[in-house]
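Let's take a friendly walk through this chain, going from the inside out. Please keep the structure open beside the text as you read.

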Amino acid sequence: MSNDQTGTEEHDEEQAPVAGLTDDPCFDAVNMLNYYLDQELTETLRLTITRHIESCHGCLKTYEFHTELRTVVRRRSVTRVPAELRERIARELGQ
Ligand SMILES: [Zn+2]
């Protein structure tokens with residue numbers, strides 16, 4: 001028996017603030033929705049999200065929900081989202 005201790009796993013999981021694409025496109029789309037709406041994404045990322053939203057009904061609904069939410073919030077001049085609304089969003093996103 002050889003006692004090879006190869007316990008040097010290289011797990012370099014860098015957490016990029018925005019460009020943290022996972023292998024779950026839906027997760028990515030929802031995860032970056034705020035950046036998307038704030039237009040803080042790179043063009044490549046924005047295109048990726050846009051393409052996904054256009055092809056994924058679930059994310060399109062989420063996107064529309066958030067767009068509407070922002071409009072409402074802006075209209076009411078409220079910077080903070082009420083807790084009740086946050087809960088509803090969380091439920092809508094299935095979290
Ligand atoms: Zn999706």
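The buried residues of helix H4 are covered by several elements, including H1, H2, H3 and H5. This is a predicted model, so please read everything below in that light. Which residues of H4 are buried? They are Cys-59, Thr-62 and Tyr-63. Looking down the axis of H4, you find its buried residues within an arc of 100°, so they line one face of the helix. The face turned away from that buried side carries exposed residues: His-57, Lys-61, Glu-64, Glu-68, Thr-71, Val-72 and Arg-75. As for its length, H4 has 19 residues and spans 27 Å from first to last C-alpha, close to the 27 Å expected at 1.5 Å a residue.

**The chain as a whole**

H4 belongs to a chain with 5 helices and 0 strands. Read from the N terminus, the order of elements is α-α-α-α-α. Of the 95 residues in the chain, 9% are buried. If you take the contacts between residues at least 6 apart in sequence, 52% of them join residues at least 24 apart.

**The nonpolar core**

In soluble globular proteins, nonpolar side chains tend to be buried together. Here the largest nonpolar core has 8 residues, namely Ala-29, Val-30, Met-32, Tyr-36, Ile-49, Ile-53, Cys-59 and Tyr-63. At least two residues of this core come from each of helix H1 (25-31), helix H3 (43-55) and helix H4 (57-75).

Ile-53 is a good place to look at this core in detail. This residue sits in helix H3. Why does Ile-53 count as buried? Because 20 other C-beta atoms lie within 10 Å, and 20 or more is what the label requires. Setting aside neighbours within four places in sequence, Ile-53 is in contact with Ala-29, Cys-59, Leu-60 and Tyr-63. Its partner Ala-29 is 24 residues away along the chain, yet the two C-alpha atoms are separated by 7.4 Å.

Seen from the other side of that pair, Ala-29 has its own set of partners. With neighbours within four places in sequence left out, Ala-29 is in contact with Ile-49, His-52, Ile-53, Cys-56 and Cys-59.

**Away from the core**

Leu-21 is located in the segment before H1. Its C-alpha atom is 9.3 Å from that of Met-32, a residue 11 places away along the chain. Met-32 is itself listed in the core.

Gln-39 lies in the loop between helix H2 (33-37) and H3. Its phi is positive, about 60°, although Gln-39 is not a glycine.

Here are three residues from the text, with their C-beta neighbour counts and burial class:

| Residue | C-beta neighbours within 10 Å | Class |
|---|---|---|
| Ile-53 | 20 C-beta atoms | buried |
| Leu-21 | 14 C-beta atoms | partly exposed |
| Gln-39 | 7 C-beta atoms | exposed |

**The last helix**

How many of the 10 residues of helix H5 are buried? The count is 0, and H5 (residues 83-92) is hardly covered. After H5 comes Gly-94, which has a positive phi near 70°. H5 nonetheless appears among the elements that cover the buried residues of H4.

Key. Residues are numbered from 1 along each chain as its sequence is written. This is a predicted model: local features need pLDDT of at least 70, side-chain atom pairs count only at pLDDT 80 or more; totals for chains, interfaces and linings use all residues. A nonpolar core is a set of buried Ala, Val, Leu, Ile, Met, Phe, Trp, Tyr and Cys residues joined through C-beta atoms within 7 Å. A residue is buried if 20 or more other C-beta atoms lie within 10 Å of its own, exposed if 12 or fewer, and partly exposed in between; C-beta atoms are placed from the backbone. Helices (H or I, at least four residues) and strands (E, at least two) are DSSP runs, numbered from the N terminus. Two residues are in contact if their C-beta atoms, placed from the backbone, lie within 7 Å. The expected span of a helix is 1.5 Å times one less than its number of residues. The arc is that of the directions from the helix axis to the C-beta atoms.
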